[in-house]
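This report covers model confidence, one strand with its neighbours, and the surroundings of two ligands. The sequence and structure come first.

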Amino acid sequence: MAAAHSLLHLAAPKPPAPASTHPPLGAALLGLLPARRPHRLVASCSSAHPDLAAFPNPNGLLVAEPADSISAEVATETELRENGPRSTRRTKLVCTVGPATCGPAELEALAVGGMNVARLNMCHGDREWHQKVIDAVRRLNEEKGHAIAVMMDTEGSEIHMGDLGGAPAAKAEDGEIWTFSVRSFEAPLPELTVHVNYEGFAEDVRVGDDLLVDGGMARFEVVEKLGPDVKCRCTDPGLLLPRANLTFWRDGSVVREKNAMLPTITSKDWLDIDFGIAEGVDFIAVSFVKSAEVINHLKSYIAARSRGSDIAVIAKIESIDSLTNLEEIIRASDGAMVARGDLGAQIPLEQVPSIQQKIVKLCRQLNKPVIVASQLLESMIEYPIPTRAEVADVSEAVHQRADALMLSGESAMGRYPDKALSVLSSVSLRIERWWREEKHHEALELEDVSSSFSGKISEEICISAAKMANKLEVDAVFVYTKGGHMASLLSRCRPDCPIFAFTNSTSVRRRLNLQWGLIPFRLTFSDDMESNLNRTFSLLKARGMIKSGDLVIALSDMLQSIQVMNVP
Ligand SMILES: Nc1ncnc2c1ncn2[C@@H]1O[C@H](COP(=O)(O)OP(=O)(O)OP(=O)(O)O)[C@@H](O)[C@H]1O
Ligand SMILES: CC(=O)C(=O)O
Ligand SMILES: [K+]
Ligand SMILES: [Mg+2]
């Protein structure tokens, strides 16, 4: 029996506008409605296998589905059934797919291990390769009941070396004189020579500058400039990998001369982006963002080209310029990534942790999902267990309540992709639980993010609902959301219990996969909350994802209300 403990209701006359817009605010009134009568269960459960419930099309557009069905991600469904809502993992996991994980079996192992988002790095592989991976992810979603989102990560145009004429690596020894040249060479390259992709390189560097490969994997000192060639002496021996990143340093900081003018999105990137739009990827992560302008430009480009489906744009924070314009970049984007790999090559390493913390906090304030990326478990490229320091690093990111953690080389080309994913998963679970047990509710005061009054109401409702959820120790917060905004406002509050986000769009559902604490479900729902709740309870109960007596708080972005009830 449904016992509606209370119904705090912010009601308004039914708006004439589509249900996704908020009611006219002048008319909003706050009232306490009488307790509801017990629900009569009107929805019967679908006997369909979870697979049959989902009919996503490549663009994520809404397609007809059986009236009484709900699509839940199969790995999460198992977790819910076995351990209950409160022990589900809240931190989301992104895996870079590469040669080690592009096969169907390897990809499925990541899906089963809890990968929420598959990342494709456009620096590597050709479009045909990426196409195959996208198809494989789609198949897992359609045939195996997963809901993995796809993130395309652009190449961008920072300074890097060429591909070493096909050699897998080259060793630079102490004292050797190497030539870094902007000339193009026919393979094989002359000895001790590397090509540099940036035309202005020889002009910008000065004798005495330090040249760092991959942020310090090898180091050189510029000794002589000869037209297009720059002669450098190796001062820290190391391995040069194809296309390794190059930075040059003068008086303790990275030099940015004309390279500051390199385009953030190159012509190759635009072709990749067209490909991503055509494939209906869920996220585009933009490398080496320098300003909000490029994000706005890309967003209007996407809006003009991808009718119906919505691709979220993630700003990668990995350059000095992105730090200078941090807030406006994050405001313009749909999320951010702390790309510590390149960031650590552009600023002194000891500054990376505080900057990570600052970005995570800022994203939370601005209600944008944030991913902490690079070298989280670097040693697991080679070894089956992480170092203690790596576990501490992962713990810290979880502790900061970042939305997501990302694997790079560990899953792209490492020897133990599944083990690395399972370390991220188990460390997240442990730290999240510890945080809840110790009742470390942060004193973090969330600033207003909404500019409209209606938005402010949604925000306050979410903040109140999250507080109530913590105090009453509810099992889950349910949110019925068309575009996902109300779900993300709830996620921002980082409540103790998971947030079941019901949406009728497959693309919104996949996008919500990146956000902390959200368990996205695809469900066709109406404006009638009572019937939505009855149906949901019945469908989830039939699949063992909730049980009678569970305490639930329900919200919706159509009706700005908070309801507290036991599952009948
Ligand atoms: N699609 C791919 N094909 C081949 N190798 C890949 C692919 N994706 C990743 N890798 C390998 O995995 C490594 C780590 O992946 P990651 O995406 O972090 O690349 P990166 O070049 O280090 O980072 P970024 O370009 O994002 O700064 C790469 O250096 C590359 O060797
Ligand atoms: C992920 C990425 O691009 C970096 O860490 O540099
Ligand atoms: K990239
Ligand atoms: Mg990078």
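Two strands count as paired if DSSP finds at least two bridges between them. By that criterion, strand β4 (residues 92–96) pairs with β20 (residues 404–407): four bridges join these strands, which run parallel. The structure discussed here is a predicted model.

**Confidence**

The average pLDDT of the protein is 86, and 87% of the residues score at least 70. Residues 1–65 stay under 50 in pLDDT, and over this stretch the model has 116 contacts beyond four places in sequence. The scores for the model are ipTM 0.98 and pTM 0.87.

**Strand β4 and its partners**

Within the pairing of β4 with β20, K92 has A404 as its bridge partner. Strand β4 also pairs with β5 (residues 117–121), again in parallel, through three bridges. In that pairing, A118 of β5 stands opposite C95. Helix α3 (residues 104–112) belongs to a right-handed β-α-β unit together with β4 and β5.

Which way do the residues of β4 point, and are they buried or exposed? K92, V94 and T96 point one way, L93 and C95 point the other way, and all are buried. Side chains in a regular strand alternate between the two faces of the sheet. The strand as a whole is mostly covered, with five of its five residues buried. A residue is called buried here if 20 or more other C-beta atoms lie within 10 Å of its own.

**Ligand surroundings**

The shell around ligand 1 holds 14 residues, of which G98, H124, G125, S408 and A412 come nearest. Two elements, α10 (340–346) and α13 (409–412), each give two or more residues to this shell.

Around ligand 2 lie S287, K316, E318, A339, R340, G341, D342, A373, S374 and S408. Helix α10 gives the most to the shell of ligand 2, namely three residues. S408 is thus listed for ligand 1 and for ligand 2.

The table gives the residue classes in each shell.

| Shell | Nonpolar | Polar | Charged |
|---|---|---|---|
| Ligand 1 | four residues | eight residues | two residues |
| Ligand 2 | two residues | four residues | four residues |

The charged residues around ligand 2 number four, and the residues listed for its shell include K316, E318, R340 and D342. For ligand 1 the charged residues number two.

Methods:
Residues numbered from 1 in each chain as written. Chains lettered and ligands numbered in written order. Predicted model: local features only at pLDDT ≥ 70, side-chain atom pairs only at ≥ 80, totals over all residues. Near = placed C-beta within 6 Å. Nonpolar A, V, L, I, M, F, W, Y, C, P; charged D, E, K, R; others polar. Buried ≥ 20, exposed ≤ 12 C-beta atoms within 10 Å, placed from the backbone. Right-handed = clockwise from strand over helix to strand, strands pointing away. pLDDT = per-residue confidence, 0-100. Contact = placed C-beta atoms within 7 Å.
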